[in-house]
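Here is a quick walk through a predicted model. We'll start with one helix, then look at domains, then at where the chains meet.

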Amino acid sequence: MEIQLTLNGKKLTCAIESDTLLIDLVRQQGCFSVKRGCETSNCGLCTVLLDGTPVLSCSVLAARAAGHQVQTLEGLQEEAEEFVGFIADQGAEQCGFCNPGYVINTIALLRENPDPTDDQIRAYLAGNLCRCSGYEGQLRGIRNYLNWRKEERHGNV
Amino acid sequence: MLKIGSYVRAKSLEEAYTLSQKRSSVILGGMLWLKMQNRSVQTAVDLCDLGLDKIEEQEDCFSIGAMVPLRALEIHPGLQALTQGAMAEALKHIVGVQFRNVATLGGSLYGRFGFSDVLTLFQVLDAKVELYHHGVMSIREFAEFPRNTRDLLVRVTVPKGERRVCYLSQRNTATDFPVLACAVSEAGGHYTCAVGARPGPAVVFTDEEGLLKNGVSRESGEAFGAWVANRAVFGSNMRGSAEYRRKICAVLVRRCLMQLEEV
């Protein structure tokens, strides 16, 4: 079957099978930040934004994305750039495998709630598993970024 | 691995119902559980174009379409107010935000899964389920409806009204399935308790013995919790033994009752 969708702002027409998963489609299009991890819809590695909402691309049929906007980290680099350095400063990425999922879900969190508490950050990112860290580094990185952003904004007022 | 022969976006409920009558067809909800199965499906019927992804507040109830994602239920202000936050408490432990953006109410209820937090909570909300062919029925009736029934879950209605609700679950680790799930509600002095993840589907208990007729205290809460724990049938699995669940049950029921008193 043939579907049309918008991937990272670019309109695409793709030939897919009925059971093609969205993760496979975006990887075929060169979006290798989206990774296959657990295969049980648990790890968050394959997170993409579907019409701005974070979803597990390993569990969404590509056919379901027809007519919708899909964004991967490749299309969100500018938005991510601001805070990934704060995560790196904490050494929180370690092996880095979980990082794209973490970053894209953090973007979704900050769009939904620009000033989250630590508990709200933990709750929103609970579906992103990291087997290197104890999650504290990522939390510190996001917190430092939010504090920096607050200071920047107040400084610019 | 899930294999799908053809994917159809139904244009009407009738079309979806007709297509779903073949044993080789399947209705897609969030398809999170479905994709875990090693199964070949001839026709996968998607309801995503039928406008069933809305929560509508009506005068006397909330009408929730079958394709509403769990995350939408979790953050809906009206449902939070109606359940005093029990809706969010029941849903927020289910894997992660991305998962709950995909999982649907219809998919969660139609499977009547043993591990279901959703089925456990909705059992104490006096909710009604609308099936396309079999019509409207209480969720308790639906919970016992034959599993091989090939019908469509269209929407769920949750009545408004004075009802205090509490939901608690026990998990071995965050975001895992519950070892035990417990919901208690009180309306007009009548208490309803649902116990899920026994590990079978949620079952409902009411205060048949009048243990709470003089109100809830620590003693009466303990007595009702012990009574429910003795009446419920529990099983063992990798998450916990039947005996462990029985002990947890008495505690969760009592805690739910005590928390209701604080609402």
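## A helix in chain A

Start with helix H3 (residues 99-112) of chain A: at 1.5 Å a residue, its 14 residues should span 20 Å, and the end C-alpha atoms are indeed 20 Å apart, so expectation and model agree.

How much of H3(A) is buried? Mostly it's covered, with eleven of the 14 residues buried. The buried set opens with Asn99(A), Pro100(A), Gly101(A), Tyr102(A) and Val103(A), and carries on with Ile104(A), Asn105(A), Thr106(A), Ile107(A), Ala108(A) and Leu110(A).

## Two domains in chain A

Chain A gets split by the domain assignment into domain 1 (2-74) and domain 2 (76-156). Taken over C-alpha atoms, the centres of domain 1 of chain A and domain 2 of chain A are separated by 22 Å.

As for how these two touch, 15 residues of domain 1 of chain A are in contact with 14 residues of domain 2 of chain A. On the domain 1 side of that contact, strand S3 (residues 47-50) of chain A gives the most, with three residues. Sort that side by class and you get eight nonpolar, five polar and two charged residues.

## Three domains in chain B

Chain B is cut into domain 1 (2-46), domain 2 (55-159) and domain 3 (164-262). For domain 2 of chain B and domain 3 of chain B, the C-alpha centres lie 20 Å apart.

Here 22 residues of domain 2 of chain B are in contact with 23 residues of domain 3 of chain B. On the domain 2 side, helix H4 (86-91), helix H7 (117-123) and helix H8 (139-143) of chain B each chip in at least two residues. The largest share of that side comes from H7(B), at five residues. By class, the domain 2 side breaks down into ten nonpolar, eight polar and four charged residues.

## Where chain A meets chain B

Now for the contact between the chains: it takes 23 residues from chain A and 23 residues from chain B. Which elements of chain A give two or more residues to the side that touches chain B? They are strand S4 (53-56) and helix H4 (118-124) of chain A.

S4(A) gives the most to this side, with four residues. Look at the side of chain A that touches chain B by class, and there are ten nonpolar, eleven polar and two charged residues.

Terms used: Residues numbered from 1 in each chain as written. Chains lettered and ligands numbered in written order. Predicted model: local features only at pLDDT ≥ 70, side-chain atom pairs only at ≥ 80, totals over all residues. Contact = placed C-beta atoms within 7 Å. Nonpolar A, V, L, I, M, F, W, Y, C, P; charged D, E, K, R; others polar. Domains from an automatic or database assignment. Expected span 1.5 Å × (residues − 1). Buried ≥ 20, exposed ≤ 12 C-beta atoms within 10 Å, placed from the backbone.
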